[in-house]
Amino acid sequence: MLFYPAALPLSAQTLAYAAGVIRGYRWKIGSCWRKLNPGRQALLVLAYLRKGETFTELAAGFGVGIATAWRYVTETVGCALAAAKQAGHAFVVIDGTLIPTDRLAADRPFYSGKHRRHGMNLQVIASPHGDILWVSGPLPGSVHDLTAARVWGIVRELAAAGLVVLADKGYTGAGDHVRTPYRGRNKPTSQKAANRAHAQLRAPGERANAQLKAWRILRKLRCCPWRAGQLAKAIHVLQAREIEG
């Protein structure tokens with residue numbers, strides 16, 4: 001196997017943060033010596049999440065076994081989830097995104113008719129500025145966005161919090177606190193203007209999904225599709241740290 005130097009488009013602050021999380025976890029569990037120090041483990045995990053490298057490639061590049069590379073990633077993702085934070089805003093944006101998988105055509109529950117491909121449905125709540133606030137667990141791609149939001153209790157919790165929610169037409173019927181565009185043809189001028197204003201307010205929040213997809217591991221999962229939510233939540237924490245940097 002050949003080796004070559006490669007760049008990882010992330011800041012040193014994100015690497016330092018991930019390494020610190022790993023270092024704290026090792027101290028907490030009283031972990032013994034490991035082949036990779038926290039910094040190298042963090043770099044391995046970031047390469048997996050950001051560039052979508054396979055465990056075979058990572059294992060060879062970092063001089064560890066494939067099982068060890070998998071264990072390092074799983075361990076670090078769990079640590080990042082524990083560090084997640086929440087924030088409150090005047091209104092939030094909810095949007096569904098499909099995380100493509102390598103499922104076969106026979107796996108109908110994973111097939112999204114809307115996107116015409118197999119994948120997992122994730123619900124993402126974002127701030128008005130496009131910062132990711134919360135990411136749901138995964139559901140098969142065939143599940144409608146509104147159904148997914150109800151499964152995870154998002155509609156109920158947002159209503160209880162008194163938050164105004166902006167969403168696309170897929171969430172019509174979610175409740176009075178979930179504002180969706182007016183539907184139908186030949187709408188009056190007032191409704192057209194309201195739809196334009198709604199789209200302008202929602203657009204920055206919808207960019208949160210683009211932030212997730214910047215991490216190539218979420219462009220097409222080669223692992224168990226049910227890990228999509230866990231990976232996305234870990235990326236949420238790391239992305240927030242990257243933006244702060």
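Leu231 makes contacts with Tyr48, Leu49, Val77, Ile217, Leu218, Leu221 and Cys223, leaving aside its neighbours within four places in sequence. Keep in mind that this is a predicted model. Leu231 is also among the residues with the most contacts inside the largest nonpolar core, which has 46 residues. From there, we can visit a buried strand, its partners, two residues worth finding and a pocket.

**The nonpolar cores**

- Besides Leu231, the residues with the most contacts inside the largest core are Leu44, Tyr48, Leu49, Ile217, Leu218 and Leu221.
- Many elements build this core: the helices α1 (12-29), α2 (38-51), α3 (55-62), α4 (66-82), α7 (189-213) and α8 (228-244) each supply at least two residues.
- The strands β3 (117-126) and β4 (132-135) also supply at least two residues each.
- A second core, separate from this one, has 15 residues, including Ile94, Ala149, Leu158 and Val165.

**Strand β1, covered on both sides**

- How many of the 10 residues of strand β1 (residues 91-100) are buried? The count is 10 of 10, so the strand is largely enclosed by the rest of the structure.
- On one side of β1, you can find Phe91, Val93, Asp95, Thr97 and Ile99, all buried.
- On the other side are Val92, Ile94, Gly96, Leu98 and Pro100, which are all buried too.
- Ile94 therefore links two topics: under the 20% limit for relative accessible area that defines buried, Ile94 counts as buried in β1, and Ile94 is also one of the residues of the second core.

**How the strands pair**

- β1 pairs with strand β6 (residues 164-166) in the parallel sense, over three bridges. To find this pairing, look for Val93, whose bridge partner in β6 is Leu166.
- β1 also pairs with β3, here in the antiparallel sense and over eight bridges. Gly96 is a handy landmark, with Gln123 as its bridge partner in β3.
- β3 in turn runs antiparallel to β4, and three bridges join them. One of the bridge partnerships is that of Ala126 with Ile132 in β4.
- The hairpin of β3 and β4 has five residues between the strands, and Gly130 takes a positive phi near 95 degrees there.

**Two residues to find: Thr101 and His118**

- Thr101 lies in the loop between β1 and β2 (111-112).
- Is Thr101 buried or exposed? With a relative accessible area of 6%, Thr101 is buried.
- Not counting residues up to four places away in sequence, Thr101 touches His118, Gly119, Met120, Lys220, Leu221 and Pro225.
- His118, one of those contacts, has its place in strand β3.
- His118 counts as buried because its relative accessibility is 13%, and the cut-off is under 20%.
- His118 and Thr54 are 64 residues apart along the chain, and their C-alpha atoms are separated by 20 Å.

**The largest pocket**

- About 490 Å³ of space lies in the largest pocket.
- There are 18 residues lining this pocket, and the closest to its centre are Tyr4, Ala6, Glu53, Gly61 and Phe62.
- Which elements give two or more residues to the lining? They are α2 and α3, and α3 provides the largest share, five residues.
- Sorted by class, the lining has 13 nonpolar, one polar and four charged residues.
- The helices α2 and α3 thus appear in two places: they help to line the pocket, and they each supply at least two residues of the largest core.

Methods: Residues are numbered from 1 along each chain as its sequence is written. This is a predicted model: local features need pLDDT of at least 70, side-chain atom pairs count only at pLDDT 80 or more; totals for chains, interfaces and linings use all residues. Side-chain values use heavy atoms; hydrogens and water are left out. A nonpolar core is a set of buried Ala, Val, Leu, Ile, Met, Phe, Trp, Tyr and Cys residues joined through side-chain atoms within 4.5 Å. Buried means under 20% relative accessible area, exposed over 50%, partly exposed in between (1.4 Å probe, protein chains only). Helices (H or I, at least four residues) and strands (E, at least two) are DSSP runs, numbered from the N terminus. Contact means heavy atoms within 4.5 Å. Two strands pair if DSSP finds at least two bridges between them. On a 1 Å grid over the protein atoms alone, a cavity is a set of points where a 1.4 Å probe fits but cannot get out, and a pocket is an open set with protein on both sides within 12 Å along at least five of seven lines; lining residues have an atom within 4 Å of a point. Grid points are joined across faces, edges and corners, and a volume is the space filled by probe spheres set on the points. Ala, Val, Leu, Ile, Met, Phe, Trp, Tyr, Cys and Pro count as nonpolar, Asp, Glu, Lys and Arg as charged, and the others, Gly among them, as polar.
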